[in-house]
Every structure is written in structure tokens, then in C-alpha cells.
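The following exercises are to be worked with the sequence and the coordinates at hand. Each task is followed by a solution in steps.

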Amino acid sequence: MVVATMPKRVRAARPDFVSLSASTESLKQRKRVNKNKKKNWNKHSDINDIEKYLDDVRHEQRTTGGLLSEKSDNALFFLDARQPEDTEANVAESVPRKKKRKPSRPLKIDLILQHDSKIPPPKDILAYQQPNAKKLRRIAQKAEQLAAKKTVTRRQKALLKRQQVDRVAEKETTKLYNPNREYYDIWEQNTKDSADHWYLQQTGKKPVKRPEKLKERPSALPAVEVIAPGGSYNPDFFSHQALLKDAHEVEVKKKKEEDKIERQLAVRREDTATEETILQEQVEGLVEEEDDAASIEEEEDDVATGGIVLAQKKTERQRKKEKAEKIKEHKLLSDRRKAGLQQQLFQLRSIKSSIKHQEQKTKDKQKLREAEKEAQKSQPRRLGRLRFQPQDMEVQLSHELSSSLRQLKPEGSVLKDRFKSFQKRNLIEPRERAKFKRRLKLKYVEKRAFREIS
């Protein structure tokens, strides 16, 4: 009865007390787990004590730089060899006191950035590795072998040549630098007009050298060509007639070219087929078969006999005769050559005159070539696949001339005139308008309104 009156906390503290939960746990059936499978190892095994131990080990490594059990006594303890306090006080009384300064502490921002762990960082394996180590070792061995043989490779020769060129360039650049020259402020607002090469080079004021080709014009023609006096709104009679004559010549030339093309494409009467020509084509090749067979047999006989003749061996007498004839021919040629050289001595005057004549001909050809070059400067060049087609002449006939500028009818287009001028002066290539090519066929659909009407 005493036990029943005791409070619950006192009863639970007693060693002989058995709680209801403990009794129920013992009554429960133990769960059977297959420990052979790896997925059940962490699930049904208590590893809290192992994790706690590993956490303690990591803490020791971070704070002390390793396990305390593995460290020596010298690393853990030190010998305090300081003097006692009374002696220090006596020394302090005899020596005058100096004002103590506060020790300089590091800033908080520096302390935050410091590494708080005493574990050394792991070694970087890549830092000890060298890319292409085997290849470099092989190259070094080969270089040692070549050095022992005292031979120089092509690459080394090229490097030596390049070093010599670089040294020459360095000397040229050092010549430009002179420490005794005047000081220039490159950030100065007012630019200095100086012809000093060093100043212009350093400040970037020196302009880029333009190539000589840029100075040449692509064509000698003016940008705007003045029309002939016959093209005026109130021209003189003779000048207008001269302009009409030029336009007439242009049209005649075009007509001739068109007629020439028509003649080339026209069918001749001789080429037209008749009954006789048709019969001749049908009979062709039937009559001459027997003659061809006979001629082929004769040729075969000739080849057979010729082969027998070529197969005969030359005698020694024939060979000697041929050799003597060859020597005789060579001797005749050498004699003729010598005679010709001797004869040239008596022809010095004629040779000199021929040389002068030849030089004069070459000079004339050079002049003609230069004249052609000058003429070509004012002619359009072939810049693309198309040739330049000149614009049609804008001419008014005699009955179309107006009596005043107010009644004048404008002809041509300013835009087309400028476009043709660019082509004529070789600024742009001749072009033709792009042709529209329909990709898909048109589809005709009858609408409802159209059906009603029809």
C-alpha cells in the first residue's frame, strides 16, 4: 500500500520499477530483417555511436590539427621558465614605468576571412602533373643527342634567323627613343603641332600612310558630262544637225548588228532537203562496201611484207656506212656555222641598221601601248559578267524643238543618268534587273459572287 501512495516520479526512479511500456515492448514480436542485403544495413542498424565518434575526431582535427592521442608530449605541453612575480615587481619598481600601449589587434573583417581550420589543405595532384610529359622527355633526349652530334635542326636555324631580325628591329626602335628630348604631355588639351616622329608615334597623331593606289582615279571621265551643244533647248541649226548625225550613226550600227545576227540564224536554200539529197543519204554506205574490203586486204598484205623487211638484221658494213654519213653531216653543219659567223663580220653595217630598225619598232609599239592605256582610262572596264551598255542618246527631232523653255518636254531620267555614269566611271559593275521567278503555280478559285454573275 505504501507503493501505491508514492508519487509517480519516485516510483520511476526506483531500480525494481518496471514500466508498462517496457513490458509491452518485451511482449511485441521482434521484426526479422535480412542483414545480407546492403539496403537494410543503414536502415536497420544503429550507427549513432560511430557518427558521434567521427564528429569528435573531426572536431579535434579542426581545432588542434590532428588527434590528441597521436600527438607527442612536446606538442601538448611546454615548460614555463618565467621568473617569479616578486622579482618582476622589484625590477618594475627600480625601472621607471613606461606608458603601456594597447596591443594592435587585427580587424574583425580580417579575422572573418582567416581560415579557422587547422587541417592542412589536400595536395593538388594536378599541380605535380605535367601535360605531355613523355613527349617533352622524348624531345629533350633527342635535343641532347643532336647536341652531342653538333647538328642544328631546321627549326633552330629559323629561330636564329628570326632573333637576328628582331635584334635589328629593336635597334631601330631604340634609335627613336632619346631620354634627353623634351617632355610631352599626351593628355594635354591643346594638341602640339610637332614634326617629331617620336611624339607623333607615341601620341597616335601620326596618320596612317595611304597607299599610292588610292590616289589614282578609277576613270578619267568627269562626274557630270556636258551634253553636246545640239542638245540645248534652243540649239544652233548646224550643231543640232551634227547631233542628229551622231544619233543616226548609232542607230545604223545597231541595225547592222541585228541584220548580222539574222543572217547567221537564217536557213540557206542549199541546206534545204530535196528528193535527190534524201535518196543520196538513204543509199550512202551500200555501194562502197566491196571497195573498202579490197583496200583493207591490200593494206594487210603491205603490213605483213613490211614487217618481214623490218625484221632483217643490219650488216656491219651498213652500220659503218650510216656512222660515216652521220659524221659527215655533223662536219657540214659545223662548217656552215663557222662560215656564217665569218660572214657576219662583213655584215656589221646591215646588222647595226637592222638593230636600229628593231629598236625603233619597239619604241613605236611602246608609244602605241601607252596611247591605248590612256584611251582605256576613259573607257569602262569589265568589272563583272555583263558588259557596259551605253545609254540611248536623248535627241529631239527638228519638229519636236520648242520655241521657249516653258514649252520644253523633259526627256530621260536623272536617276538613270547617274546610275549609268557610275557604271561608266568604273565605280560599280554593270547590272541588270533581277527577274521574278514564281516558285509556286497560281491557283484560280471561283468565289461565290462570281458564280452568281456567271
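A residue is called buried under 20% relative accessible area, exposed over 50%, and partly exposed in between, with a 1.4 Å probe and protein chains only. The model is predicted, so that local features need pLDDT of at least 70 and side-chain atom pairs count only at pLDDT 80 or more, while totals for chains, interfaces and linings use all residues. Residues are numbered from 1 along each chain as its sequence is written, and side-chain values use heavy atoms, with hydrogens and water left out.

**Exercise 1. Classify Ile47 and describe the surface patch to which Ile47 belongs.**

Step 1. Helices are DSSP runs of H or I with at least four residues, strands are runs of E with at least two, and both are numbered from the N terminus. On this basis Ile47 is placed in the loop between helix 3 (20-27) and helix 4 (48-64).

Step 2. The relative accessibility of Ile47 is 30%, which makes the residue partly exposed.

Step 3. Together with Ile50, Tyr53 and Leu54, Ile47 forms a nonpolar surface patch with about 370 Å² of accessible area. Patches consist of residues with over 30% relative accessible area and no salt bridge; nonpolar side chains (Val, Leu, Ile, Met, Phe, Trp, Tyr) are joined within 5 Å, and like charges within 9 Å. Accessible areas come from the Shrake-Rupley method with a 1.4 Å probe, and for residues only the protein chains shown count as cover.

**Exercise 2. Characterise the chain as a whole: how many helices and strands has it, and what share of its residues is buried?**

Step 1. The secondary structure comprises 18 helices and 0 strands.

Step 2. Of the 454 residues, 7% are buried. The accessible surface of the chain is about 46100 Å², and carbon and sulfur atoms account for 54% of this area.

Step 3. A contact requires heavy atoms within 4.5 Å. Among contacts between residues at least 6 apart in sequence, 54% join residues at least 24 apart.

Step 4. Helix 13 (residues 275-283) gives a local example: 0 of its 9 residues are buried, and the helix is hardly covered. Just after helix 13, Gly285 adopts a positive phi of about 95°.

**Exercise 3. Examine the salt bridges Lys320–Glu316 and Arg385–Glu432: where do the partners lie in the chain?**

Step 1. The criterion is a side-chain nitrogen of Lys or Arg within 4 Å of a carboxyl oxygen of Asp or Glu. The whole structure contains 12 such salt bridges.

Step 2. In the pair Lys320 and Glu316, the closest N and O atoms are 3.9 Å apart. Because the two residues are 4 apart in helix 15 (residues 316-345), about one helical turn separates Lys320 from Glu316. An α-helix has 3.6 residues a turn, so residues three or four places apart point the same way. Lys320 is exposed at 55% relative accessibility, and Glu316 is exposed at 56%.

Step 3. Arg385 and Glu432 form a salt bridge with an N to O distance of 3.3 Å. This pair links distant parts of the chain, 47 residues apart: Arg385 is in the loop between helix 16 (348-377) and helix 17 (414-424), and Glu432 is in the loop between helix 17 and helix 18 (448-453). Arg385 is exposed at 65%, whereas Glu432 is partly exposed at 48%.

**Exercise 4. Which surroundings does the buried residue Lys420 have?**

Step 1. Lys420 lies in helix 17. Although buried, Lys420 has no salt bridge; Asp392, the nearest side chain of opposite charge, is 8.3 Å away. Lys and Arg count as positive and Asp and Glu as negative, while His and the chain ends are not counted.

Step 2. A polar atom of the Lys420 side chain lies 2.8 Å from the backbone oxygen of Gln389.

Step 3. Apart from neighbours within four places in sequence, Lys420 is in contact with Phe388, Gln389 and Gln391.

Step 4. Gln423 is also placed in helix 17 and is buried, with 3% relative accessible area. Outside the residues up to four places away in sequence, Gln423 touches several residues, including Pro380, Phe388 and Ile428.

**Exercise 5. Locate Leu397 and find which residues are in contact with Leu397.**

Step 1. Leu397 is in the loop between helix 16 and helix 17, partly exposed at 42% relative accessibility.

Step 2. Beyond its neighbours within four places in sequence, Leu397 contacts His240 and Leu244. The C-alpha atoms of Leu397 and His240 are 8.8 Å apart, with the two positions 157 residues apart in sequence numbering.

Terms used:
A polar contact is a pair of N or O atoms within 3.5 Å; within protein, one must be able to donate a hydrogen and the other to accept it, and residues adjacent in sequence count only if both atoms are side-chain atoms.
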